[in-house]
Amino acid sequence: MLLLGIASALSPMGVTMIVPTLGLVADTYSADFAVVQFLVSAYLLGLGAGQPFHGFLCDLLGRRSVLLVGFGLFVVASFACIFVDNLTLLIVFRFLQALGVSVGTVASRAVVRDTRGPTGTAVALSYIAVAQGISPIIAPMLGGWLGALGGIELVFVLMTVLGFGAWLAMYLALPETLPPEIPRPNWSDWLGNYGKLLGTPSFVGYTLIFGFVQGSFFAFLAVGAGFFDKQFGLGPAQFGTLWGFLAITYVLGATFGARMTQAKGPDIVLKSGVVVTLIGGWLMLILTQALGVTLVTVLLPMVVLMSVAGLVTPGSLAGAVNSRPEIAGTSSGLSSAVGIVVGGSFTVMAGFIYKDDFTPVAVLICVSATLTALSWLLVRGDEIVK
């Protein structure tokens, strides 16, 4: 579980560690902030592009070997980022970073499903989500401090060291968990399995819940550094610390979700989380419009959304994997990919609509929360049919 937590934690760390330095990158390259935010968007795109392929390979070749190759790519790309002096190339290597590290979350979920039943999977993923939540607590603070100390190069030095440490730990201690009696898919089965998954309403519903709940805070993350700098005068280090405190609520939500899943079951916990997400999204829009854009009216709804994301994310991912347990790797990869693309699209949209006015972003966050609730209807409808 410790190794799986480490493998899963590097993906969000790669997203959030760079966020406090985006203003610095914009100044260094004399680039518009809408262009610089593609360092986040390209990373999210890499996560979305890599996970379906990694998921299939996990079912075909096993979990261990695919993990090692993916993390090897992350280390190489992170090392290359240290020496790049061109913004376009930096964006390309960010994509390759994510393409490699995306295997971590996919393979971790498959390993959990290999070794646990449906309820055990939801509980285990909740605890892995705690590890995923701890990394964005530490990452933006480190990113802000390192960026202020020595520039963005120091951020990529740290990513390289952490990636190599994770690779070495998995090489030495992680066993293969894919049961040998499970039939391995053929290459020809790849698209067919995707068709089966996309034709399962519960899989689609769980996946969209994951994607839209991520979108509700990815929209904020895309513009947060620039917004807090211009609106409240908070620099990279201060924003990194602020984002770290927000991420604490994610950890608390995931920890609470794990305990409630054991006590009440995953369905009740997920349904309750979806309802609270809807409340948090509308709270953001109502407060900012009624009382204006202040630290309180922005941060209070974000605390609600971040904490409930820690509760909803493990349950939605576990539900997607359990929809088709015989192809756990493929279902894990596809659900993660679609979810990341959906969530990442809110990052891109927020970057384009933000023009020093937070109101359009508040509307976007509200839309994402509302779509999270509507996606639950797909899951509920499939349950009624069954």
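1. A salt bridge is taken here as a side-chain nitrogen of Lys or Arg within 4 Å of a carboxyl oxygen of Asp or Glu. The side chains of Asp356 and Lys230 meet this definition, with an N to O distance of 3.2 Å, and a search of the whole structure finds 1 salt bridge. Asp356 lies in the loop between helix H15 (328-353) and helix H16 (359-385), while Lys230 belongs to helix H11, so the pair ties together parts that are 126 residues apart in sequence. Helices are DSSP runs (H or I, at least four residues), numbered from the N terminus. Both Asp356 and Lys230 are exposed, where exposed means over 50% relative accessible area, buried under 20% and partly exposed in between (1.4 Å probe, protein chains only).

2. On the basis of the model: this is a predicted model, in which local features need pLDDT of at least 70 and side-chain atom pairs count only at pLDDT 80 or more, whereas totals for chains, interfaces and linings use all residues. Residues are numbered from 1 along each chain as its sequence is written, and side-chain values use heavy atoms, with hydrogens and water left out.

3. The largest nonpolar core has 98 residues, and those with the most contacts inside it are Phe71, Met170, Phe220, Met302, Phe358 and Ile365. Helix H11 (residues 201-232) gives the most to this core, with 16 residues. A second core, lying apart from it, has 5 residues, among them Leu4, Val111, Ala124 and Ile128. A nonpolar core is a set of buried Ala, Val, Leu, Ile, Met, Phe, Trp, Tyr and Cys residues joined through side-chain atoms within 4.5 Å.

4. Phe220 can be followed further, since contact means heavy atoms within 4.5 Å: leaving aside neighbours within four places in sequence, Phe220 is in contact with Phe228, Trp243, Leu246, Val298, Met302, Phe358 and Ile365. Phe220 also forms one aromatic cluster together with Phe227, Phe228, Phe232, Tyr354 and Phe358.

5. The whole structure holds 12 aromatic pairs. Rings of Phe, Tyr and Trp (its six-membered ring) pair if their centres lie within 6.5 Å, with planes under 30 degrees apart counted as stacked, over 60 as edge-to-face and the rest as tilted. Phe79 and Phe83 form an edge-to-face pair, at 5.2 Å centre to centre and with 70° between the planes. Because they are 4 residues apart in helix H5 (residues 63-83), Phe79 and Phe83 are separated by about one helical turn. Phe79 counts as partly exposed at 48% relative accessibility, and Phe83 counts as exposed at 58%.

6. Two buried residues deserve a look. Leu3, in helix H1 (residues 2-16), is buried with a relative accessible area of 18%, and, not counting residues up to four places away in sequence, Leu3 touches Ala169, Met170, Ala173 and Leu174. The C-alpha atoms of Leu3 and Ser108 are separated by 8.8 Å, although these residues are 105 apart along the chain. Ser41, in helix H4 (residues 38-61), counts as buried at 9% relative accessibility, and, leaving aside neighbours within four places in sequence, Ser41 is in contact with Thr347 and Val348.

7. At the surface, Leu149, Leu154, Val157 and Val161 make a nonpolar patch of about 350 Å². Patches are made of residues with over 30% relative accessible area and no salt bridge, with like charges joined within 9 Å and nonpolar side chains (Val, Leu, Ile, Met, Phe, Trp, Tyr) within 5 Å; accessible areas come from the Shrake-Rupley method with a 1.4 Å probe, and for residues only the protein chains shown count as cover. Helix H9 (residues 152-173) gives the largest share of the patch, 3 residues. Val161 is found in helix H9 and counts as exposed at 54% relative accessibility.
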